[in-house]
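Open the model in your viewer and keep the selection panel within reach. Each stop below gives you something to select, then says what is there.

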Amino acid sequence: MADETVRVLAVHGQLVGRRSTLRIERLVLPDGTETVRDTLYHPDSVAILPLDEDGNVVMVRQYRSAAGQELLELPAGVIEGDEPPIDAARRELREETGFDARELVELGSFFASPGSMTERLHAFLAKGLFANPLAPDDDERITLHRVPFDEAVRLARAGELNDAKTLASLLLAAPHVAG
């Protein structure tokens with residue numbers, strides 16, 4: 001299937017934002033079918049599951065305008081330029097929680113919403129937490145919440161956590177967390 005590619009015939013519109021670009025594209029699928037897709041080009045990001053010495057996940061609560069509400073989720077953020085994902089994870093952990101980690105374990109990566117976005121998220125487990133804060137972004141209003149890992153999984157299963165990167169990262173971290 002290597003020769004079966006999707007070709008972009010034309011871009012019918014483009015809206016450039018602060019971090020993302022929305023393009024309306026006319027495509028030709030491998031079977032010759034023409035279609036139109038809206039694609040949001042977004043930089044790759046990281047999600048971090050910080051686990052303290054007592055087995056608690058350090059989660060953040062913040063307002064998410066797209067969701068129209070505050071969400072309880074894992075710390076996360078955009079990879080800047082050519083920054084390696086592990087460096088972005090450490091930076092975001094420090095900015096959003098005030099903690100650094102003696103060990104960052106790469107859990108895997110996944111697309112945020114492959115039907116409409118280019119963003120790939122890289123998930124990390126952070127262990128051996130210690131205080132080492134960086135100033136948060138100017139527009140972030142975050143509160144920290146420590147949730148036992150098993151309770152975070154229960155909240156996810158109960159539908160009380162509804163952030164995809166948090167759900168996926170909990171699933172990926174489960175084999176690494178004793179309990």
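The tour visits a few strands, then the helices, then a ring. Keep in mind that this is a predicted model.

**Stop 1: the β1 and β2 hairpin**

Select residues 7-16 and 21-28. These are strands β1 and β2, which run antiparallel and are joined by 8 bridges. Between the two strands of this hairpin lie 4 residues. Now pick Leu-15. Across from Leu-15, in β2, stands Leu-22.

**Stop 2: the β5 and β6 hairpin**

Move on to β6, residues 69-73. Its pairing with β5 is antiparallel and runs over 5 bridges. This hairpin, too, has 4 residues between its strands. Click on Gly-68 there: its phi is positive, near 70 degrees.

**Stop 3: Arg-61**

Stay in strand β5 and select Arg-61. Which residue of β6 is its bridge partner? The partner is Leu-72. Is Arg-61 buried, partly exposed or exposed? Arg-61 counts as partly exposed, because its relative accessibility is 28% and that class lies between under 20% for buried and over 50% for exposed.

Next, show its contacts, leaving out neighbours within four places in sequence. Glu-70, Leu-71 and Leu-72 are among them. So are Arg-141, Ile-142, Thr-143 and His-145. Then draw a distance from the C-alpha of Arg-61 to that of Ile-24. The two residues are 37 apart along the chain, and the separation is 33 Å.

**Stop 4: helix α1**

Select residues 85-97. Helix α1 has 13 residues. From first C-alpha to last it reaches 18 Å, close to the 18 Å expected at 1.5 Å a residue. Colour its buried residues, including Ala-88, Ala-89, Leu-93 and Thr-97. Charged names appear in that set as well, among them Arg-91, Glu-92, Arg-94 and Glu-96. What covers the buried residues of α1? The cover includes β4, β5, β7, β8, β9 and β10.

Zoom in on Glu-95, also in α1. Why does Glu-95 count as buried? Its relative accessible area is 13%, and buried means under 20%. Beyond residues up to four places away in sequence, Glu-95 touches Leu-134, Ala-135, Pro-136 and Asp-137. Just after the helix comes Gly-98, with a positive phi near 80 degrees.

**Stop 5: helix α2**

Select residues 149-157. In α2, the residues Phe-149, Ala-152, Val-153 and Leu-155 are buried. Look down the helix axis: these buried residues fall within an arc of 160 degrees, so they line one face of α2. An α-helix has 3.6 residues a turn, so residues three or four places apart point the same way.

Rotate to the face turned away from the buried side. Asp-150 and Arg-157 are the exposed residues there. Turn back, and show what the buried residues pack against: β4, β5, β10 and α3. Finish at Gly-159, which follows α2 and has a positive phi near 80 degrees.

**Stop 6: helix α3**

Select residues 164-173, which form α3. Its buried residues are Lys-165, Thr-166, Ser-169, Leu-170 and Ala-173. Around the axis they cover an arc of only 130 degrees, which puts them on the same side of α3.

**Last stop: a ring and a charge**

Select Phe-111 and Arg-120. Arg-120 lies over the face of the Phe-111 ring, 4.2 Å from its centre. How many aromatic pairs does a search of the whole structure find? The search finds 0.

Terms used:
Residues numbered from 1 in each chain as written. Predicted model: local features only at pLDDT ≥ 70, side-chain atom pairs only at ≥ 80, totals over all residues. Heavy atoms only, no water. Buried < 20%, exposed > 50% of the residue type's maximum accessible area, 1.4 Å probe, protein only. Arc of directions from axis to C-beta. Contact = heavy atoms within 4.5 Å. Expected span 1.5 Å × (residues − 1). Pairing = 2+ DSSP bridges. Phe/Tyr/Trp six-rings, centres within 6.5 Å; stacked < 30°, edge-to-face > 60°. Lys NZ or Arg CZ within 6 Å of the ring centre and 35° of its normal.
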